[in-house]
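Me: Please take one part of this predicted model and go through it closely, then place it in the rest of the chain. Plain numbers are enough, and please say where the model should be read with caution.

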Amino acid sequence: MPESILLDITTVIVLGIGAQWVAWRFRLPSILLLLIAGFLAGPVFGLLSPASLQGDWLFAFVSVSIGIILFEGGLSLRLSELQAVGSAVRNLITIGVLVTWGLGAFFAHIVMGFNVELAILIGAILTVTGPTVVVPLLRHVRPRGRISTVAKWEGITIDPVGAIIAVLVMETLLLIHEPAQSGGHTGLSGAAEHVVIGLGLEVFVALGVSVAATFFLLIILKQRMVPDFLRNPVTLMIVVTAFVVSNVLKEESGLLTTTIMGIALANQPYAPVQRIIEFKENLQVLLIGSLFILLSARLNLGALEFITIESVIFLGLLVILVRPLAVFLSSYGTQLEWEEQAFLAWLAPRGIVAAAVASLFAYQLRNIYPDEVEAVVPTIFFIIVGTVAIYGLTAAPLARWLGIAEPNPEGILFVGAAEWVRHIAAFLHEKGHEVHLVDANADHVHRAQDAGLPARRANALSETVLDDLDLSSTGRLLITIPNDEVASLTALHFSEVFETTDIYQLAAQHESRHSKQGEMPKHLRGRPLFGETTSYAEIEDHFDQGGTIRAFDLQEDGGLFDDGEKEYYTYDDLQEQTGDISVFPLFIERDGELVIVSEESNFSLRQGDTLIAMVGAGERVHLVEGGDSSVFFFNEPEGEASTASSASNQPVEDPPGSNPT
């Protein structure tokens with residue numbers, strides 16, 4: 001028995017994490033793969049026995065896990081964001097919920113054939129979307145502007161709202177059919193009274209417990225009453241305790257309690273919470289994977305008989321009619337553009353809360369509706385799979401078609417805006433590449449803005465910087481600051497948004513990467529920027545001595561390499577050609593895309609490429625016009641006069657057709 005239990009636990013963890021990795025690797029909706037993996041592991045292949053997953057322990061685990069997930073979601077919400085989108089969010093979690101609930105219940109009765117009572121319950125369950133599906137989808141799509149904020153707020157706050165409505169509906173059904181539980185109030189009048197009182201108690205209990213728990217947690221964190229290694233465990237302990245206490249006082253109020261705690265903790269100025277956020281994000285990955293595997297494994301093959309043509313029609317109505325109508329009615333009177341409304345109308349994937357609530361309610365209502373309740377869970381799971389598949393596979397193309405997301409974000413974010421960095425950014429900006437600069441130095445930011453560059457003053461290590469910056473069109477991060485430790489921390493901080501392959505870090509000194517004393521572990525830094533042998537101090541020194549930024553064509557005749565014998569040229573070829581002249585390769589323009597020079601072993605120049613480099617002071621350089629852009633020779637041909645300055649500390653003269661900054 002112990003061995004079989006250990007095998008089940010291992011199977012859940014392996015499938016939960018493995019499915020999410022496969023989803024990341026092939027850019028598929030992770031929840032879709034999790035549901036499929038759980039169904040295959042449960043009723044299809046029997047790796048997890050559906051019979052062993054029917055106990056009350058599962059629902060207790062699911063309930064606590066959802067509370068933790070909503071707490072983590074609340075930690076990502078900033079109240080300052082509501083200044084621009086507050087009315088839209090408010091309408092979506094009120095008007096939008098009512099429209100979805102009403103129409104969902106109507107079609108569940110008309111199309112699916114559920115009785116009115118169960119149809120109302122199903123409509124309430126389907127009002128929730130959830131951060132477990134919305135946030136990963138937004139991270140994949142990366143829509144521009146406020147639309148991402150609206151979707152994030154709706155996805156996180158609608159979970160407790162929808163869950164509370166569903167709980168009140170279920171309790172009402174129990175009171176109608178089991179009058180003895182109403183304490184003397186029977187029938188519809190008692191049920192209506194229960195709903196009104198219950199809703200007030202839900203909010204009252206959630207607010208009271210969340211305020212008390214948050215205040216207690218802040219005292220512990222601010223007064224440093226626990227060591228650093230216990231901060232996350234203590235936080236988790238208090239969150240779980242608050243969730244359970246709230247649920248004991250009023251059933252299912254714990255979801256609202258933990259959500260409010262997360263929002264309050266994220267917006268208070270008294271104690272840092274970044275480590276808590278990172279811990280909860282890692283825990284969330286494990287919990288989401290485990291929950292979807294467990295819940296989908298509970299199904300049996302007989303559930304497939306409930307998936308009929310009516311189920312497909314019901315799904316289509318929810319996607320094509322119910323969600324768009326809810327969004328457009330909620331958007332009336334707000335500042336949302338029609339493109340933003342259209343994207344929101346195509347963004348309502350159902351997630352773990354819908355799955356958990358449906359499974360729990362079916363378990364509790366099986367004695368009241370023995371013939372119909374068996375169809376509730378398969379129907380909800382079909383809606384989850386269908387909406388995740390539809391929205392997950394089509395949201396990104398739709399966002400690009402609407403013009404609110406870039407198909408492949410190629411913009412560059414410079415962290416650091418020193419003078420030489422501003423010159424490079426201005427050069428790229430003039431050539432049509434999107435650039436953004438962030439610096440904590442107000443003077444650097446003002447000078448960048450005066451030069452027409454989009455720059456913002458911000459601390460790259462701030463807890464709110466990732467939420468404050470619009471990174472929808474930014475695909476690469478270039479860290480150009482003269483401090484290796486801060487640069488490495490910045491690389492780690494921004495790894496929440498950027499892939500590690502798109503984070504580049506310039507070493508402060510040559511020794512930062514090449515001496516034992518200054519060696520920075522690879523997992524604590526970004527990819528080498530402008531080559532492994534290039535450093536911040538070296539580039540800054542050559543720039544101060546008159547180095548300039550130039551673009552050079554690589555052509556077969558009269559170009560950067562005048563022999564034209566090779567298919568491509570390496571970093572060594574460039575160094576051999578330049579000799580003693582200081583040349584720092586920065587970027588390569590290739591087929592309309594901008595390639596960042598990083599590892600020297602991967603450096604290659606091909607016919608038709610344009611090299612963007614910093615040319616420092618050195619021996620005589622001959623620059624001549626070549627077509628529409630400049631090309632240069634490092635060895636001056638006989639009989640031609642030099643057009644470049646020979647002074648080592650003077651900038652190279654601008655040739656005809658060149659494009660200096």
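Reply: **One ring and its setting**

Tyr 391 is buried, its relative accessible area being 0%. That value comes from a predicted model, as does everything below.

Start with the aromatic pairs, of which the count is four. One of them joins Phe 106 and Phe 107, with 5.3 Å between the ring centres and 70 degrees between the planes, an edge-to-face arrangement. Phe 107 is buried at 11% relative accessible area, whereas Phe 106 has 45% and so counts as partly exposed. Tyr 391 belongs to another pair: its ring centre lies 5.7 Å from that of Trp 346, and the planes stand at 85 degrees, so this pair is edge-to-face as well. The partners sit in separate elements, Trp 346 in the loop between helix H14 (338-345) and H15, and Tyr 391 in helix H16 (residues 376-402). The pair therefore ties together parts that are 45 residues apart in sequence. Unlike Tyr 391, which is buried, Trp 346 is partly exposed, with a relative accessible area of 25%. The cut-off for buried is under 20%, so the 25% of Trp 346 falls outside it.

The loop that holds Trp 346 leads to H15. This helix covers residues 352-364, 13 in number, and spans 18 Å between its first and last C-alpha, close to the 18 Å expected. Of those 13 residues, 11 are buried. They include Ile 352, Val 353, Val 357, Leu 360 and Phe 361, along with alanines such as Ala 354, Ala 355 and Ala 356. Ser 359 is also among the buried residues of H15.

Further along the chain comes a sheet. It is open, has six strands in the order S3-S2-S1-S4-S5-S6, and is paired in parallel. S3 and strand S6 (527-528) are the edge strands, each with a single partner, so each has one side without a neighbour in the sheet.

Within that order, S1 (residues 411-415) is joined to S2 by four bridges, the two strands running parallel. Phe 414 has Leu 437 of S2 as its bridge partner. Between the two strands the chain passes through helix H17 (residues 419-430), a β-α-β crossover that is right-handed. S2 itself, residues 435-439, is mostly covered, with four of its five residues buried.

S2 also pairs with S3 (residues 455-457), again in the parallel sense, over three bridges. Here Asp 439 is matched with Arg 457 in S3. Helix H18 (residues 442-450) completes a right-handed β-α-β unit with S2 and S3. S1 in turn pairs with strand S4 (residues 474-479) over five parallel bridges, with Leu 413 and Leu 477 as one set of bridge partners.

Two other helices can be set beside H15. H2 (residues 30-44) has 15 residues and reaches 20 Å end to end, close to the 21 Å expected. The rest of the structure largely encloses H2, because 11 of its 15 residues are buried; Ile 31, Leu 32, Leu 35 and Phe 39 are among them. After H2 comes Gly 46, with a positive phi near 75 degrees. In helix H10 (residues 228-249) the residue to note is Arg 231. Arg 231 is buried at 8% relative accessible area, and beyond its near neighbours in sequence it touches Leu 221, Arg 224, Val 226 and Pro 272.

Taken as a whole, the protein chain has 23 helices and 14 strands, and 54% of its 661 residues are buried. Residues 24 or more positions apart supply 75% of its contacts with a separation of 6 or more.

On caution: mean pLDDT is 77, and 78% of residues reach 70 or more. Residues 180-184 fall below 50, with three contacts beyond near neighbours in sequence. Residues 618-661 also stay under 50, although the model has 98 contacts for them beyond four places in sequence. Where pLDDT is low, the coordinates should not be read in detail.

Definitions and conventions. Residues numbered from 1 in each chain as written. Predicted model: local features only at pLDDT ≥ 70, side-chain atom pairs only at ≥ 80, totals over all residues. Heavy atoms only, no water. pLDDT = per-residue confidence, 0-100. Contact = heavy atoms within 4.5 Å. Expected span 1.5 Å × (residues − 1). Buried < 20%, exposed > 50% of the residue type's maximum accessible area, 1.4 Å probe, protein only. Pairing = 2+ DSSP bridges. Right-handed = clockwise from strand over helix to strand, strands pointing away. Phe/Tyr/Trp six-rings, centres within 6.5 Å; stacked < 30°, edge-to-face > 60°.
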